[in-house]
Amino acid sequence: VLGFTADNKHLLLAQVYRGLENYRAVERIKTQYGRPFEVSMLVLGTNGRYAKVKTAWIIDNGAEEPRLVSIYVDE
């Protein structure tokens with residue numbers, strides 16, 4: 001949908017990490033693995049199109065920093 005590939009994934013990840021400064025994280029129900037969060041944001045693709053993208057994060061039990069676990073287009 002947005003033109004990202006394995007070869008240019010760094011472009012997507014850069015936008016996602018920048019987006020964390022402007023979009024709100026929504027905490028989900030705690031699981032046996034840790035505290036999950038979701039962040040939806042608008043992303044510009046390499047093909048010039050915009051799409052709403054949902055990112056999923058978790059702070060693993062015993063960890064302090066969240067880690068990215070999923071990214072997908074949320075149309």
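**Exercise 1.** Which residues is Ile 58 in contact with, leaving aside its neighbours within four places in sequence?

*Solution.* The model is predicted; local features need pLDDT of at least 70, side-chain atom pairs count only at pLDDT 80 or more, and totals for chains, interfaces and linings use all residues. Residues are numbered from 1 along each chain as its sequence is written, and side-chain values use heavy atoms, with hydrogens and water left out.

Step 1. Locate the residue: Ile 58 lies in strand E3, a strand being a DSSP run of E with at least two residues, numbered from the N terminus.

Step 2. Apply the contact criterion, which is heavy atoms within 4.5 Å. The partners of Ile 58 are Thr 31, Tyr 33, Gly 34, Arg 35, Pro 36, Glu 65, Pro 66, Arg 67 and Val 69.

Step 3. Assign the burial class. Buried means under 20% relative accessible area, exposed over 50%, and partly exposed in between, with a 1.4 Å probe and protein chains only. Ile 58 is classed as buried because its relative accessible area is 9%.

Step 4. Compare a distance along the chain with one in space: Ile 58 and Leu 42 are 16 residues apart in the chain, and their C-alpha atoms are separated by 20 Å.

**Exercise 2.** Determine the order of the secondary-structure elements and how strands E2, E3 and E4 pair.

*Solution.* Step 1. The protein contains one helix and four strands, a helix being a DSSP run of H or I with at least four residues. From the N terminus the order is α-β-β-β-β.

Step 2. Strands pair if DSSP finds at least two bridges between them. E2 and E3 are antiparallel and share 11 bridges; within this pair, Met 41 stands opposite Val 53 of E3. Their hairpin has five residues between the strands, and Gly 48 there takes a positive phi near 85°.

Step 3. E3 is also joined to strand E4 (residues 67–73), by six bridges and again in the antiparallel sense. Here Val 53 stands opposite Val 73 of E4. The hairpin of E3 and E4 has six residues between the strands, with Gly 62 at a positive phi near 85°.

**Exercise 3.** Identify the largest nonpolar core and the elements that supply it.

*Solution.* Step 1. A nonpolar core is a set of buried Ala, Val, Leu, Ile, Met, Phe, Trp, Tyr and Cys residues joined through side-chain atoms within 4.5 Å. The largest one has 11 residues: Leu 2, Leu 12, Val 16, Phe 37, Val 39, Met 41, Val 43, Ala 51, Val 53, Trp 57 and Ile 59.

Step 2. Helix H1 (9–19), strand E2 (34–44) and strand E3 (50–60) each provide at least two of these core residues.

Step 3. Relate this to a wider tendency: in soluble globular proteins, nonpolar side chains tend to be buried together.

Step 4. Examine one member. Beyond four places in sequence, Ala 51 touches Val 1, Leu 2, Met 41, Leu 42, Val 43 and Val 73.

**Exercise 4.** Is Val 73 buried or partly exposed, and which residues does Val 73 touch, not counting residues up to four places away in sequence?

*Solution.* Step 1. Val 73 belongs to strand E4.

Step 2. With a relative accessible area of 32%, Val 73 is therefore partly exposed.

Step 3. Its contacts outside that sequence window are Val 1, Leu 2, Ala 51, Lys 52 and Val 53.

Step 4. Val 73 and Val 43 are 30 residues apart in sequence, with a C-alpha to C-alpha distance of 9.2 Å.
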